[in-house]
Amino acid sequence: MNTTKRQIECTIPILPVGNLARSLEFYTGTLGFKLDWGGGEGSTLCSVSKDSCAIMLNESPAGTLGTWVWIGLEDDSLFHLWRSRGVKVRQEPKNFSWAYEMKFEDIDGNVLWLGTEPRKDVPFEDQNNE
């Protein structure tokens, strides 16, 4: 029996963005996240969330952009929703032994790597052809 107390509740990625107000509008308006805190006048940091999972956006100096974040999903409905809203697709859906995944880019070049459980109705991709 493991009696070790859990120390980590969750992980929250902090994405560097070029313009906080513009990115906040993208995350809340286009991607459907909600603003949790921050983002007001003069703010350089905020937290947005969707389905109780948070991402922090941090206005950063030029040249510090380009973070990746894994977003585990219950199903692939966000693949279709975000594509329909014109979000830049970095990788079309692929089925691997570890996940059925798709990658998007936000307006600052951050990669939003979405994934579900592997699909049983789609053949697996060759892992060497990524």
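Which helix does His80 lie in? A few points for a first look at this predicted model should lead you there.

1. **The chain as a whole.** The protein chain holds two helices and eight strands. If you read along the sequence, the elements follow the pattern β-α-β-β-β-β-α-β-β-β. The C-alpha trace spans about 50 × 45 × 25 Å along its principal axes. Of the 130 residues, 35% count as buried. Among contacts with a separation of 6 or more, 50% come from residues 24 or more positions apart.

2. **A sheet of four strands.** A good place to start is the open sheet with the order β5-β8-β7-β6, whose pairing is mixed. Strands β5 (68–72) and β6 (88–95) stand at its edges with a single partner strand each, so one side of each has no neighbour in the sheet. On average, neighbouring strands of this sheet are turned by 15° against each other, direction ignored.

3. **The β6 and β7 pair.** Strands of a sheet pair through backbone hydrogen bonds, and the pairing may be parallel or antiparallel. Here β6 and β7 (residues 100–105) run antiparallel and are joined by five bridges. To find the pair on screen, look for Lys88, which stands opposite Glu105 in β7.

4. **The helix on the sheet.** Helix α2 (residues 77–84) packs on this sheet and touches β5, β6, β7 and β8 (111–116). The direction of α2 makes about 25° with that of β7.

5. **Back to His80.** His80 lies in helix α2. Is this residue buried, exposed or partly exposed? The relative accessibility of His80 is 47%; because that value falls between the limits of 20% and 50%, His80 counts as partly exposed. His80 and Glu117 are 37 residues apart along the chain, and their C-alpha atoms are separated by 16 Å.

6. **The largest pocket.** The largest pocket holds about 510 Å³ of space. It is lined by 21 residues, and the closest to its centre are Lys50, Cys53, Ile71, Gly72 and Leu73. By class, the lining has 13 nonpolar, four polar and four charged residues.

7. **Which elements supply the lining.** β4 (53–59), β5 and α2 each give at least two residues to the lining of the largest pocket. Which of the elements supplies the largest share? That is β5, with four residues. The edge strand β5 is thus worth a second look, as is helix α2, which touches β5 and also supplies residues to the lining.

Technical notes. Residues are numbered from 1 along each chain as its sequence is written. This is a predicted model: local features need pLDDT of at least 70, side-chain atom pairs count only at pLDDT 80 or more; totals for chains, interfaces and linings use all residues. Side-chain values use heavy atoms; hydrogens and water are left out. Two strands pair if DSSP finds at least two bridges between them. Axes are lines fitted to C-alpha atoms, for helices over the stretch in contact, and angles run from 0 to 180 degrees between N-to-C directions. Contact means heavy atoms within 4.5 Å. Buried means under 20% relative accessible area, exposed over 50%, partly exposed in between (1.4 Å probe, protein chains only). On a 1 Å grid over the protein atoms alone, a cavity is a set of points where a 1.4 Å probe fits but cannot get out, and a pocket is an open set with protein on both sides within 12 Å along at least five of seven lines; lining residues have an atom within 4 Å of a point. Grid points are joined across faces, edges and corners, and a volume is the space filled by probe spheres set on the points. Ala, Val, Leu, Ile, Met, Phe, Trp, Tyr, Cys and Pro count as nonpolar, Asp, Glu, Lys and Arg as charged, and the others, Gly among them, as polar.
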